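Look over the chain below before reading on. The paragraphs that follow go through it part by part.

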Amino acid sequence: MRGIVFVGDGKAVVTDDLEVRAPKPHEVVVRMVNAGVCHSDLSVLDGTIAFPTPCAMGHEGAGVIEEVGSAVKSVVIGDHVVISTLANCGRCSACARGIPTRCRSSIGNMSRPFTYLGDPCFNFAASSCFSERTVIDAIQAVKIDSSVPFTSACLIGCGVITGMGAVLNRAKVAPGETAAVFGVGGVGLNAIQALRLSGAARIIAVDTLASKESLAKQFGATDFINAAEVDSASAAIRDLLPGGSGMYNPGGVDWVFECTGVPKVLHDAIDALEWGGTAVAVGVPAATAMLEKPIFTSFVYIDKGVIGCRYGTARPHHDFPKIADWYLQGKVMLDELVSAVYPHSEFDTVLADMHDGKLARGVLAF
Ligand SMILES: NC(=O)c1ccc[n+]([C@@H]2O[C@H](COP(=O)([O-])OP(=O)(O)OC[C@H]3O[C@@H](n4cnc5c(N)ncnc54)[C@H](O)[C@@H]3O)[C@@H](O)[C@H]2O)c1
Ligand SMILES: [Zn+2]
Ligand SMILES: [Zn+2]
């Protein structure tokens, strides 16, 4: 069957020589229809996210249930599903508290359900959406309203939930609070639209590409800062929201969402926080990247903090259908995220267009 396989040394191959095994009793086979290309896929290719090879790529997809294991009751053949990357156990303390992103078995659970050229091949993020078919745990198949087009639905599975969930689930931004979003990509745009839904008073988008300003404003940004044109984006943010005089850099925003994965951006973003503010680290840098800040003046006396956020602190079976409903009600923009749909054979073109900053999201068709 068709698929895109990471073979190491920065290389992905588009192939017809990928096969996937039959489902176990608790698993399903999904016939993939569309899949979005997330920056994390680029990070696998460039080594920022280290991953063994060969590996069937992709983790943001939607499709149709084609086969169900003997114990599966949650979906039936023909259901339209968005794939969740969380193969959480459903039984541990984190799962019981409704925080499946903290389920120990939802992280690092690599397996090799594929073969590539006849040899065992890893899945990626327990999902592998860049293939004609994939096999996943039934808990990862989230049924959504079949009237949502697959080209838009697929994005819910990573970019949308990661950005929206960081604001709604992790930060729980309150009406009237202020925020800055660093990185106006597939993730950042969804942080911006969730801030709009939250009633944030000021939503400042920051990117190094001038072309991102109109997109950011379409999704709800009130201001745009071109980080390539200023010495310090955080100083530019404090100029927009001055906090009076005093020690410890007063002024700035209540929240920053770091959605680039560039370590120095998180470092700078913390300086854009008003006293009491929190930086949410969403972007994924290399595992060796460090953050070094003066503890006393950056955090202690001014109640500032930094928190991480995995996968929008998602509860997929609650959040995905809710986002689909909001889309159908016209409250959330999904179609506008789809800059272009490419046949899967044009994967290299998506990568080039992403690199050139042409895309909110590029979507592959299988
Ligand atoms: N925490 C999670 O669970 C999770 C999930 C998905 C993606 N991610 C990560 O989120 C990050 C964003 O992903 P994406 O798919 O939106 O990426 P993207 O490539 O679509 O967008 C990134 C944006 O950041 C901008 N940018 C780059 N350098 C910048 C700088 N120095 N200052 C300001 N803007 C800059 C780019 O121009 C681009 O618009 C990646 O690191 C990705 O791996 C994290
Ligand atoms: Zn669990
Ligand atoms: Zn992703």
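The domain assignment splits the chain into domain 1, made of residues 3–148 + 334–365, and domain 2, made of residues 159–311. Between the C-alpha centres of domain 1 and domain 2 the distance is 29 Å. Where the two domains touch, 18 residues of domain 1 are in contact with 16 residues of domain 2. On the side of domain 1 that touches domain 2, helix 1 (residues 39–46) gives the most, with three residues. By type, the residues on that side of domain 1 are seven nonpolar, eight polar and three charged.

The model is a predicted one, and its confidence should be noted before going further. The average pLDDT of the chain is 97, and 100% of the residues score at least 70. Confidence is lowest in helix 8 (residues 295–298), where the mean is 93, and highest in strand 12 (residues 178–182), where the mean is 99.

Helix 1 deserves a second look. Which of its residues are buried? In helix 1 these are His39, Ser40, Asp41 and Val44. Strand 1 (3–8) is among the elements that cover the buried residues of helix 1. After helix 1 comes Gly47, which has a positive phi, near 90 degrees.

Next, consider a pair of strands. Strand 4 (residues 27–36) pairs with strand 10 in the antiparallel sense, over five bridges. One position to find is Val30, whose bridge partner in strand 10 is Thr134. Strand 10 itself covers residues 133–137 and is mostly covered, with five of its five residues buried.

The nonpolar interior comes last. In soluble globular proteins, nonpolar side chains tend to be buried together. Here the largest nonpolar core has 115 residues, and those with the most contacts inside it are Ala179, Val181, Val256 and Phe257. Helix 3 (residues 150–171) supplies the largest share of this core, 13 residues. Why does this core lie between domain 1 and domain 2? Both domains give residues to the core, so it lies between them.

Phe257 shows what such contacts look like for a single residue. Leaving aside its neighbours within four places in sequence, Phe257 is in contact with Ala166, Val167, Ala179, Val181, Phe182, Ala191, Val280 and Val282. Two names in that list, Ala179 and Val181, also appear with Phe257 among the residues with the most contacts inside the core.

Conventions:
Residues numbered from 1 in each chain as written. Chains lettered and ligands numbered in written order. Predicted model: local features only at pLDDT ≥ 70, side-chain atom pairs only at ≥ 80, totals over all residues. Buried ≥ 20, exposed ≤ 12 C-beta atoms within 10 Å, placed from the backbone. Helix = DSSP H or I, 4+ residues; strand = E, 2+ residues; numbered from the N terminus. Pairing = 2+ DSSP bridges. pLDDT = per-residue confidence, 0-100. Domains from an automatic or database assignment. Contact = placed C-beta atoms within 7 Å. Nonpolar A, V, L, I, M, F, W, Y, C, P; charged D, E, K, R; others polar. Core = buried A, V, L, I, M, F, W, Y, C linked by C-beta atoms within 7 Å.
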